[in-house]
Amino acid sequence: MQKIVSFSKRRGFIFLSSEIYGGFSSCYDFGPLGVELKNNIKKAWWDEMIKKHDDIVGLDASILMNPKVWKASGHLTAGFADELVECKRCHHRFRKDFLKKNKCPDCGGELTKPHKFNLMMKTFVGPVEDEAAETYLRAETCQGIYVNFKNVLQSMRQKLPFGIAQIGKAFRNEINPKDFIYRTREFEQMEMQWFCRSKEAPKFFNYWKKERMNWYLSLGIKKANLRAVEVPKQELPHYAKRAVDIQYKFPFGWQEIEGIHNRGDWDLSNHSKHSNEDFKYEGYFPYVIETSVGVDRSLFAFLCDAYQEVKGGRTKTTKAVKEVEILLKLDKSLSPIKVAVLPLVKNKPKLTKKAKEVYQMLKPYFMTQYDEVGSIGRRYRRQDEVGTIFAITVDFDTLEKNDLTVRDRDTMKQERVKIKNLTSFLKEKLEK
Ligand code: ATP
C-alpha cells in the first residue's frame, strides 16, 4: 500500500490536496498522469454504457439540487446515517460497524454509546446564511437521474426498459475516510439507472451484475482479485430490495468497488409523493436496477492490479540488474501515455530533430511523450513504470532508411516500422 502511495506521488498520478498546508480532510488531487488515467476510465465506462447499449442515454445533472430532493429520497433521515462512537479518553471518533472490539482501536479507551451521524454535506446557497438557502452537496449522482426521469423519457421518446447513465462528483461527510483514495469525502461516481417492469427486475439484476463483472475483466483486472458478494438482508441500504457488492482484493483486503442494487420503486414513488410530478409509466412505478461505481475507487483497483515489481530488471539494455524495475501493466485503453518517442542519444541534433518530427506527427492521434534525458535503457524503464504501451526509438539507421524501432511494453519485442506506416501501425495495435 505504501509503495502504491509513494509511486502515485513520484510519478504524477495522485497528490495530497493542499499538501503545502498539511493536506485537508482526506482530499486528493489527480496529477498529470492521474487525470489521464481517470479520463480513460470514465471514457471506457461511458463507451460501455452509451455506445454498446442502444437503450441507454446520458445525463449531466447539477450537484446542487432543491433540498426537497434529499427529503424525498430518505437521505436526510436515519436512512443515510452511520453510527458514530467516540473514545472517552483520546476523543478519536469511529464508525461503529468498522470496529472489531467495543473499545478504542487507538488507545484502548472506553467508547461512548453510538449515535446516528448524517453523511450529507450541508452548504448555503446565496449571500445570507438563513435556512431558506440551506441545501446539500449531492451524496449520490443518481437522484439527478430520478428527478429527470420524465424529461428524458419524453424528450428522447424512450420506452421501458431503458437506462440513464451519469458521471459526476458526490460528497459524503465520512466519519473515517481512510486507505488513500479508497474512502474520501469528495469522490466521483459512474452510475447507471435501468428502469424496467417490476417482474423483470430480478432478470435485469443478474444481467447487469454479469455485465459489470465482465467490464473489469475486459480491462485486465485479474479474475482472482475480483468477486461478487451478496449483501445480507439486514445490511441492505434503506432504498434497496437486493444488493450485490463487486469487490476487489486491495492490499488491505477485499473491499467494495461497485454496488449493484435493486432499488424497487423507492425513488420514483417517493419523488412522486413529494413533488407535483407523477412518475408512473403505463399506470405503475418502474423498478430501478442501479450499477454504481466510484471512479476513484476503481482507479485505485486498476492501479493496484497493474503494479508489478520485477526483481533483477527486465530490460536487457539495463546494467542495473540488481535494481527492482516497476511495470505498470495497465490495459492499453487505460494507460495515460500510449506512445513515447525517444532519440537514441541526446547530443546528436540530426537525431533529436527527426525524433521531434515523429513526435509532432503522432501527437494529434495518441497521447504521446517525447523524452531525450538519460540512457535509452533508463528511458524505457521510466515509460514501463507509467504503463506506456509503445516506446519508439529514433536511431542512426532512421536517418538513412526512414524507419524506426517500436518496442512493445509487455513483450519487449522490438520491430522496425517505416515512418510513413507508423501512425496506421500504432492505430491498429492500440484499437481493441
Ligand atoms: P461503503 O459501504 O464503502 O461506505 P456504500 O455501500 O455506501 O459504500 P454506495 O452508496 O453503494 O457505497 O456507493 C456506490 C459506489 O460509490 C461505491 O461502490 C464506491 O465505489 C463509491 N463510493 C461510495 N462512497 C465513497 C467514498 N466515501 N469514497 C470513494 N468512493 C465512494
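Begin with the whole chain in view: about 21700 Å² of its area is exposed, and carbon and sulfur atoms supply 51% of that exposed area. Bear in mind from the outset that this is a predicted model. Taken along the principal axes, the box filled by the C-alpha atoms of the chain has dimensions of roughly 75 × 60 × 50 Å. If you switch to a cartoon display, you can follow 12 helices and 21 strands along the chain. Of its 432 residues, 52% count as buried. Among the contacts in the chain with a separation of 6 or more, 64% join residues that are 24 or more positions apart.

**The nonpolar cores**

Next, select Trp45, Trp215, Tyr216, Ile289 and Phe302, which touch the most other members of the largest nonpolar core, a set of 54 residues. Helix 8, which runs over residues 295-306, gives the most to this core, with eight residues. Apart from this core lies another one, made of 21 residues, and you can find it by selecting Leu362, Ile389, Phe390 and Ile392, which are among its members. As background to this stop, nonpolar side chains in soluble globular proteins tend to be buried together.

Now return to Trp215 and display what surrounds it: leaving aside neighbours within four places in sequence, Trp215 is in contact with Ile41, Ala44, Trp45, Glu48, Met190 and Phe302.

**The ligand**

Select the ligand and the residues around it, of which there are 17, with Glu174, Arg183, Thr184, Glu256 and Ile257 coming nearest. Three polar approaches can be picked out one after another. In the side chain of Arg183, an N or O atom is 2.7 Å from an oxygen atom of the ligand. In the side chain of Arg172, an N or O atom is 3.0 Å from an oxygen atom of the ligand. For Tyr182, look at the backbone instead, where an N or O atom lies 3.4 Å from a nitrogen atom of the ligand. Taken alone, the ligand would expose 600 Å², and the protein buries 87% of that area.

**His261 and Glu290**

Move on to strand 13, residues 253-264, and select His261 within it. His261 counts as buried, because its relative accessibility is 8% and the limit for that class is under 20%. If you show side chains here, you will find a polar contact of 2.5 Å between those of His261 and Glu290. Beyond the neighbours within four places in sequence, His261 is in contact with Phe205, Tyr239, Arg242, Ala243, Val288, Ile289 and Glu290. Ile289 will be familiar from the largest nonpolar core, where it was listed with the residues that touch the most other members.

**Asn40 in helix 2**

The next selection is Asn40, which you will find in helix 2, residues 32-51. Asn40 is buried, with a relative accessible area of 15%. Its side chain reaches the backbone oxygen of Leu334 at 3.0 Å. When residues up to four places away in sequence are not counted, Asn40 touches Ser333, Leu334, Ser335, Pro336 and Lys338. To get a sense of distance across the model, select Trp266 as well: it is 226 residues from Asn40 along the chain, and the C-alpha atoms of the two are separated by 33 Å.

**Asp403 in strand 20**

Go to strand 20, residues 403-408, where Asp403 lies. Asp403 counts as buried, at 10% relative accessibility. The side chain of Asp403 makes a polar contact of 2.9 Å with the side chain of Arg416. Its contacts, without residues up to four places away in sequence, are with Asp397, Thr398, Arg416, Val417, Lys418 and Ile419.

**The cysteines**

For the last stop, select the cysteines and show their sulfur atoms. How many disulfides does a search of the whole structure find? It finds zero. Why does Cys87 not form a bond with Cys107? The cysteine sulfur closest to that of Cys87 is the one in Cys107, and the two are 3.6 Å apart, which is too far for a bond because a disulfide requires sulfur atoms within 2.5 Å. Cys104 is in a comparable position, since its closest cysteine sulfur, in Cys90, is 3.8 Å away and therefore too far for a bond. Both Cys87, with a relative accessible area of 0%, and Cys104, at 3% relative accessibility, are buried.

Definitions and conventions. Residues are numbered from 1 along each chain as its sequence is written. This is a predicted model: local features need pLDDT of at least 70, side-chain atom pairs count only at pLDDT 80 or more; totals for chains, interfaces and linings use all residues. Side-chain values use heavy atoms; hydrogens and water are left out. Buried means under 20% relative accessible area, exposed over 50%, partly exposed in between (1.4 Å probe, protein chains only). Helices (H or I, at least four residues) and strands (E, at least two) are DSSP runs, numbered from the N terminus. Contact means heavy atoms within 4.5 Å. A polar contact is a pair of N or O atoms within 3.5 Å; within protein, one must be able to donate a hydrogen and the other to accept it, and residues adjacent in sequence count only if both atoms are side-chain atoms. A residue is near a molecule or strand if one of its heavy atoms lies within 4 Å of it. Accessible areas come from the Shrake-Rupley method with a 1.4 Å probe; for residues, only the protein chains shown count as cover. A nonpolar core is a set of buried Ala, Val, Leu, Ile, Met, Phe, Trp, Tyr and Cys residues joined through side-chain atoms within 4.5 Å.
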